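Let's take a walk through this protein together, one stop at a time. Keep the 3D view open and turn it as you read.

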Amino acid sequence: MVDELVKRSPGRGRFVSFEGGEGSGKSTQIKRLAERLNAARLPNIVTREPGGSVGAEIMRHLVLSGMGKLLGPDAETLLFAAARDDHVKHVIGPALAQGTWVLCDRFADSTRAYQGKLGNVSPTLLKAMQRVTIGDLKPDLTFILDVPAEVGLKRAAHRRGAGAPDRFESEDLRYHEKLREAYRQIAAEDPQRCVVIDTTADPDSVAARIWTELRSHLFSVSTSAAPA
Ligand code: TYD
């Protein structure tokens with residue numbers, strides 16, 4: 001089975017992004033998927049946005065500290081775009097070109113959801129930035145991890161412990177409910193690329209579902225033949 005997967009994956013690496021609201025389980029599930037790919041001997045990297053490259057990590061610090069919010073929605077969006085530009089140029093693009101899979105914790109859909117659908121940044125600005133930063137690059141597959149906002153916020157608070165919530169975690173429940181809806185809309189707009197995954201179940205079942213969907217989407221393996 002493992003060799004069969006490798007045979008079906010020649011040339012360019014595959015690009016898989018994970019999206020979702022706070023506490024939706026992205027980091028746990030990315031780690032689990034990387035373990036599966038390692039077992040299948042498919043070279044992969046795990047990266048994240050904002051961040052993932054030296055320049056982008058500097059911008060990550062700026063936006064999550066709340067500095068971007070002070071500058072206003074357009075400038076904050078430009079900071080995310082600048083971070084993405086650096087990340088694509090220095091990490092994502094080169095990895096895909098050399099046949100390495102890229103598992104990315106958030107990508108352009110985060111800008112569409114947070115800055116576009118929730119932040120009301122104009123579609124014209126978003127489109128222009130997208131053209132400059134990623135051009136035609138888009139994930140081969142995007143998992144949208146879906147959990148009720150209240151559950152996700154509780155998980156995020158638990159994970160954070162005594163630490164202060166960041167710029168987006170500190171928005172209210174209504175904001176996070178709207179965010180969930182925004183992601184569902186994004187998935188409905190691009191059903192070929194996006195798969196919504198309910199993450200209220202235990203992490204093992206969620207990981208199994210993600211693996212099944214990945215095999216079905218990227219290797220055309222019938223879902224009934226996928227491992228448990
Ligand atoms: P992070 O600590 O990585 O949060 P999470 O664990 O939820 O991924 O913080 C990233 C935050 O930045 C997150 O709240 C979403 C936000 N964000 C945007 O608003 N726009 C973007 O384009 C990206 C990539 C992230």
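One thing to know before setting off: what you see is a predicted model.

Let's begin at helix 3, whose buried residues are covered by parts of the protein that include helix 4 (67-71) and helix 5. Which residues of helix 3 are buried? They are Ala56, Met59 and Val63. Look down the axis of helix 3 and you'll find that these buried residues fall within an arc of 60°, so they line one face of the helix. Turn to the other side of helix 3 and you meet Val54, Ile58 and His61, which are exposed. Just past the end of helix 3 sits glycine 66, with a positive phi of about 100°.

Now step back to the stretch that leads into helix 3. In the loop between strand 2 (44-48) and helix 3 you'll find glutamate 49. Is glutamate 49 buried or exposed? Its relative accessibility is 6%, and buried means under 20%, so glutamate 49 counts as buried. Its side chain has a partner, too: a polar contact of 2.6 Å links the side chain of glutamate 49 to that of arginine 84. Setting aside neighbours within four places in sequence, glutamate 49 is in contact with Arg60, Arg84, His87, Ile92, Cys104, Asp105, Arg106 and Phe107. Proline 50 lies in that loop between strand 2 and helix 3 as well. The peptide bond that joins glutamate 49 and proline 50 is cis, with omega at about -10°.

Arg106, which we just met as a contact of glutamate 49, takes us on to the ligand. Of the 17 residues around the ligand, which come nearest? The answer is Glu22, Lys26, Arg106, Thr111 and Gln115. For three of them, have a look at the side chains. An oxygen atom of the ligand lies 2.6 Å from an N or O atom in the side chain of threonine 111. For arginine 106, the distance between a ligand oxygen and a side-chain N or O atom is 2.7 Å, and for glutamate 22 it is 3.0 Å. How much of the ligand does the protein cover? On its own the ligand has 540 Å² of accessible area, and the protein covers 92% of that.

Where does the shell around the ligand come from? Helix 3 (54-64), helix 5 (73-97) and helix 6 (108-118) each supply at least two of its residues. The largest share belongs to helix 6, with 4 residues. Sorted by class, the shell holds 9 charged, 5 nonpolar and 3 polar residues.

Follow the chain on from helix 6 and you come to asparagine 120, in the loop between helix 6 and helix 7 (123-133). Asparagine 120 has a phi near 55°, a positive value in a residue other than glycine. With a relative accessibility of 65%, where exposed means over 50%, asparagine 120 counts as exposed. Arginine 41 tells a similar story in its own loop, the one between helix 2 (26-39) and strand 2. Its phi is near 55°, again positive without the residue being a glycine, and at 57% relative accessibility arginine 41 counts as exposed.

For a buried residue, go to strand 4 (residues 141-146) and pick out threonine 142. Threonine 142 has a relative accessibility of 0%, so it counts as buried. Its side chain is joined to the side chain of serine 17 by a polar contact of 2.8 Å. Beyond its neighbours within four places in sequence, threonine 142 is in contact with Ser17, Glu19, Asp109, Arg193, Cys194 and Val195.

The last stop is aspartate 204, in helix 10 (residues 203-219). With a relative accessible area of 49%, aspartate 204 is partly exposed. Which side chain does that of aspartate 204 join in a polar contact? The partner is arginine 32, at 2.4 Å. To get a feel for scale, find leucine 125, which is 79 residues from aspartate 204 along the chain. The C-alpha atoms of aspartate 204 and leucine 125 are separated by 40 Å.

Key
Residues are numbered from 1 along each chain as its sequence is written. This is a predicted model: local features need pLDDT of at least 70, side-chain atom pairs count only at pLDDT 80 or more; totals for chains, interfaces and linings use all residues. Side-chain values use heavy atoms; hydrogens and water are left out. Buried means under 20% relative accessible area, exposed over 50%, partly exposed in between (1.4 Å probe, protein chains only). A polar contact is a pair of N or O atoms within 3.5 Å; within protein, one must be able to donate a hydrogen and the other to accept it, and residues adjacent in sequence count only if both atoms are side-chain atoms. A residue is near a molecule or strand if one of its heavy atoms lies within 4 Å of it. Accessible areas come from the Shrake-Rupley method with a 1.4 Å probe; for residues, only the protein chains shown count as cover. Ala, Val, Leu, Ile, Met, Phe, Trp, Tyr, Cys and Pro count as nonpolar, Asp, Glu, Lys and Arg as charged, and the others, Gly among them, as polar. The arc is that of the directions from the helix axis to the C-beta atoms. Contact means heavy atoms within 4.5 Å.
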